[in-house]
Amino acid sequence: MSTILETRNLSFQYPDDTAALKDVSVKIESGKKVAFLGPNGAGKSTLFLHLNGILKPSQGRILFKGREIKYNRSSLMELRRNIGIVFQDADSQLFSANVFQEVSFGPLNLGLPEQEVRARVTKALADTDISHLVQKPTHFLSYGQKKRVSIAGILAMEPSVIILDEPTSSLDPYHGKQLMDLIDELSRRGTTVILSTHDIEMAYAWAESIYVMLDGMILKEGVPEELFQDEPLLKKAGLCKPLILEIYQEFKKWGYFKEEIKPPRNKKQLSQIIEALAPTIKD
Amino acid sequence: MSTILETRNLSFQYPDDTAALKDVSVKIESGKKVAFLGPNGAGKSTLFLHLNGILKPSQGRILFKGREIKYNRSSLMELRRNIGIVFQDADSQLFSANVFQEVSFGPLNLGLPEQEVRARVTKALADTDISHLVQKPTHFLSYGQKKRVSIAGILAMEPSVIILDEPTSSLDPYHGKQLMDLIDELSRRGTTVILSTHDIEMAYAWAESIYVMLDGMILKEGVPEELFQDEPLLKKAGLCKPLILEIYQEFKKWGYFKEEIKPPRNKKQLSQIIEALAPTIKD
Amino acid sequence: MILSRRRVEILPKPAGLKERAVYFIAKTSCICKGGILLSSKILFPVILLAALFLFIPQPAYAMHIMEGFLPVKWCLLWAALSLPFIIWGLRSIQKVLREQPKLKMLLGVAGAFAFVLSALKIPSVTGSCSHPTGVGLGAILFGPAAMSVLGCIVLIFQALLLAHGGITTLGANVFSMAVVGPFVAYGVFRLVRKLSGPQWLAVFLGAFLGDLLTYVTTSFQLALAFPAEVGGLMASFTKFMGVFALTQIPLAISEGLLTVLIFNLLTTY
Amino acid sequence: MLYIDKYAYCSPLTNTHPLEKFCFAVINMVFCLASPSLTVPLLILLLTAGILILKGGIPLAFYLKLLLLPFSFLIIGTATVAITLIQNSGSALWAITLFGATLGVTAQSLETAIGLFFKSLGAVSCLYFLSLTTPLPEIISVLRSLKVPSLFLELMSLIYRYIFVLLETADQIYTSQKARLGYSTLRGGYRSLGHLVSNLFISSYRRSLDLYTALEARCYDGELKVLQPQFQFSKKNLAGMAMVELFLLGLLFFI
């Protein structure tokens with residue numbers, strides 16, 4: 001699989017000298033599902049703003065499809081057309097009077113012909129399942145709808161990488177689930193998806209690769225099953241262990257497994273294990 | 001246990017005739033931990049605004065300690081002194097430039113002497129563990145700190161009931177845990193705590209009584225263990241089942257339990273069950 | 001879901017004429033600026049000052065009279081002239097507050113809005129930026145009396161937090177920015193509406209003239225304090241007008257257009 | 001973005017009595033303006049700069065950067081004062097004739113301009129002394145002791161608090177627009193800014209309603225009552241100030 005987005009030794013200081021990122025190197029592979037974990041203020045959002053060229057690193061480089069980003073107008077245009085960010089607070093992200101205007105904002109800025117813009121908006125609204133909201137004023141929408149509109153606004157630009165900053169925070173479980181289904185659908189179609197989240201269970205079940213950040217640094221990168229067994233890491237980053245993994249470990253500890261079983265990633269896999277173990281219970 | 005707060009057949013229409021509450025009757029017992037669940041827009045926040053006398057019901061009555069609320073100034077003051085609300089968005093709740101002044105606002109409105117106000121502010125800051133922030137300007141605080149300040153502002157009024165609207169949303173797991181510890185401490189000291197949340201696992205582990213709301217109505221009230229076994233209810237309200245309960249049910253379904261075992265409420269209780277079952281595994 | 005054709009047609013209307021007009025005038029205002037530079041060959045001081053503009057890093061940050069620039073007696077005079085308007089403004093706010101207690105929070109947040117607005121940059125073709133004053137917008141939305149109070153507070157904050165304007169010159173700045181500006185803007189807006197002119201024109205002229213007359217007042221204040229040796233007040237006024245008010249015309253046009261744009265967007269909400 | 005505000009809270013002088021700092025700044029400003037010579041403004045410039053940098057924890061580079069802020073106004077303003085219409089080109093230090101009118105610099109206009117330049121600079125330094133050591137809530141408490149109406153002060157406090165909230169909102173909208181190429185053309189820039197401002201206004205309006213609700217829930221009855229911070233006057237500071245001011249006053253009269 002090819003690397004689509006890469007940072008090399010990225011550092012960033014705010015003008016008042018607070019370091020927000022320290023020597024951050026990440027490699028995002030094309031088409032993958034990548035999650036960033038870490039407490040508030042760990043630098044996740046700052047890193048995301050770099051990936052889209054909004055912030056310029058104090059040191060280090062960013063490479064998109066192997067080419068280093070130059071901070072001139074055309075290079076930034078190219079980058080932002082390809083990498084879309086959905087920010088955390090949908091309320092402050094939507095600024096247009098109605099949904100159509102909001103979603104057409106990005107494609108219009110790409111300088112596309114009107115015909116094409118209309119087509120893209122229609123498609124993005126259909127993909128996010130909000131076609132019926134097309135002429136609704138944005139401030140009448142529920143929070144979940146606003147979130148979808150903000151995603152549609154990015155989809156209409158047809159980026160190859162989509163970055164979501166805590167997509168499910170402030171959503172109720174039902175709408176959170178719906179949103180994750182949408183994100184999975186995007187991923188199935190080949191879009192590279194990067195997200196940050198505080199929802200450990202979701203990250204564990206969803207991600208193919210996880211980065212843990214703390215104090216502007218990458219603490220560790222790895223596949224979920226391994227990463228979440230690293231207790232000192234979890235403690236250091238203030239993360240808790242996914243319940244499913246914890247129960248798996250309890251089983252293991254108390255000798256439920258006679259042979260090696262792979263850690264379950266989601267409820268369904270855990271249920272299968274419980275079912276499979278049932279005959280070993282003494283009557 | 002005595003009922004401290006009660007609504008009888010509460011209905012509320014917004015000026016544009018959208019019904020926000022329909023025939024809502026709740027009974028909150030003194031000293032209890034009560035959670036309200038339900039999707040965004042179900043009417044939780046609107047109900048909370050009624051409990052504090054901010055909104056006046058179109059129909060129905062509210063009783064505090066058995067006495068019906070009259071909507072005159074002195075009766076409202078009495079109610080608001082006893083029932084504190086912590087709103088979801090800390091930023092639109094804090095109006096003052098520094099922490100000390102912010103927390104002193106409520107007690108001063110109660111007409112307390114300055115000496116007493118100072119003492120209460122000091123205590124509230126200590127209770128919320130933010131004494132070190134006393135001279136800090138509000139705009140230097142992190143989101144988690146702002147949340148604590150908004151809680152301290154309510155605590156300093158020494159209410160007998162404290163209502164929190166989605167206290168842990170937008171907090172990372174670590175700060176969310178800290179906040180729940182603080183809320184538990186309040187509850188231990190005898191304050192009645194009412195909160196709304198989307199965090200099913202937290203509600204299941206924390207609450208003594210749960211109300212499920214949908215479309216401005218109360219769908220059901222009950223203790224967590226029973227309420228979350230009501231599958232049609234969960235489906236209707238768009239709630240999912242707590243993972244701990246689900247695993248318990250899997251165990252039960254596949255015949256792990258020889259005798260009746262109470263559903264576990266948290267990770268610890270689940271671990272104990274797994275440990276206790278271990279000897280029943282065939283070698 | 002396939003959109004019906006009719007629906008699609010009515011959708012993206014604002015991406016039309018108005019913005020094209022904004023673009024056009026922004027472009028021409030740039031030419032205007034160039035025009036002033038060219039014709040200023042006749043006016044030696046102006047060309048010198050125009051050259052100075054190029055060397056100074058932060059051009060034309062909303063032209064408040066800076067700290068210490070006015071002699072003591074003029075500081076006191078302008079403060080004395082502004083004070084009655086502030087008191088009047090406070091009284092009128094107090095009166096409305098009795099009926100609508102929520103107004104206090106709204107004014108508080110609106111004042112913060114005005115401050116933030118003045119810290120934003122209007123993009124401009126030349127790459128340099130100007131800053132909206134928000135005087136016209138505020139006066140039309142809240143009335144000139146309330147705006148003089150808010151304007152006064154915003155000026156204090158600009159002096160203390162941004163180092164624009166000053167304490168000794170507060171009275172003079174309040175008079176030009178928080179008294180003359182809002183009253184002119186509001187008066188022009190009402191007048192045009194009364195003459196049954198279209199709303200956009202009323203808003204544009206209100207904001208444009210409010211902005212421009214603010215700077216005419218500033219020039220007048222400076223001329224009074226520093227009359228020319230030869231030609232006295234009028235010569236000095238002409239001089240300061242050339243420097244502080246004429247250069248402001250393209251910026252006042254930008255402000256007028258932006259205010260129309262904002263006003264129209266607000267009414268669509 | 002508001003660095004002056006940040007420094008005001010971090011300065012070692014933050015905890016001295018705000019009224020002391022207020023008086024020191026204002027008296028010195030008046031001295032600057034009233035001074036017929038350059039000596040007093042220059043002394044005050046050095047004095048305030050010295051205190052800020054040596055005692056107030058303000059980095060020299062930042063102070064100089066701040067001092068440059070009003071330079072566009074200062075240079076344009078003083079130059080406009082210096083260059084005047086001239087009748088008799090003999091009296092001018094330097095002049096040019098265009099279309100029959102002579103413009104130039106005379107000894108007197110130059111003197112006025114130079115005096116003005118340093119007076120302003122001295123006064124600006126006094127302003128910085130106040131704003132870099134005194135957080136705004138404390139300036140508000142000074143105004144309270146000067147009997148400014150409480151409605152005015154309440155509005156000041158609310159505005160101060162909400163400046164930061166709205167700046168953050170504006171910043172978020174701006175970032176999200178930029179991420180979608182909102183400012184890549186001039187036309188788009190105008191459109192984006194218009195949307196930003198009107199959306200900011202709507203969100204301000206909503207916030208004001210939310211705030212009112214939250215305050216009402218805490219027994220708000222029309223007055224924003226909060227406890228005032230307590231400060232101690234320092235005898236040492238007062239004595240030092242008195243000496244400095246008397247010395248400067250002496251200079252004012254005898255030079």
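**Where the two domains of chain A meet**

A salt bridge joins the side chains of Arg265(A) and Glu225(A), with 3.5 Å from N to O. The model is a predicted one, and this pairing is a handy way into the contact between its two domains. The domain assignment splits chain A into domain 1, made up of 3–102 + 157–240, and domain 2, which covers 242–283. Between domain 1 of chain A and domain 2 of chain A, the count of salt bridges comes to 1. Polar contacts across this interface add up to 6 residue pairs, with both partners at pLDDT 80 or more.

On the domain 1 side, helix H8 (200–206) and helix H9 (224–227) of chain A each put in at least two of the residues that touch domain 2 of chain A. H8(A) gives the largest share, 5 residues. Sorted by character, the residues on this side of domain 1 of chain A come out as 8 nonpolar, 1 polar and 3 charged.

As for the extent of the interface, 12 residues of domain 1 of chain A are in contact with 9 residues of domain 2 of chain A. Together the two domains of chain A bury about 940 Å², and 51% of that lies on carbon and sulfur atoms. A good part of the domain 1 contribution comes down to a trio: Tyr204(A), Glu225(A) and Gln229(A) supply 57% of the area that domain 1 of chain A buries against domain 2 of chain A, more than any other three residues. The C-alpha centres of the two domains of chain A, meanwhile, are 32 Å apart.

Methods:
Residues numbered from 1 in each chain as written. Chains lettered and ligands numbered in written order. Predicted model: local features only at pLDDT ≥ 70, side-chain atom pairs only at ≥ 80, totals over all residues. Heavy atoms only, no water. Domains from an automatic or database assignment. Contact = heavy atoms within 4.5 Å. Buried area = accessible area lost by both parts, 1.4 Å probe. Salt bridge = Lys/Arg side-chain N within 4 Å of Asp/Glu carboxyl O. Polar contact = N/O pair within 3.5 Å; in protein donor to acceptor, adjacent residues only side chain to side chain. Helix = DSSP H or I, 4+ residues; strand = E, 2+ residues; numbered from the N terminus. Nonpolar A, V, L, I, M, F, W, Y, C, P; charged D, E, K, R; others polar.
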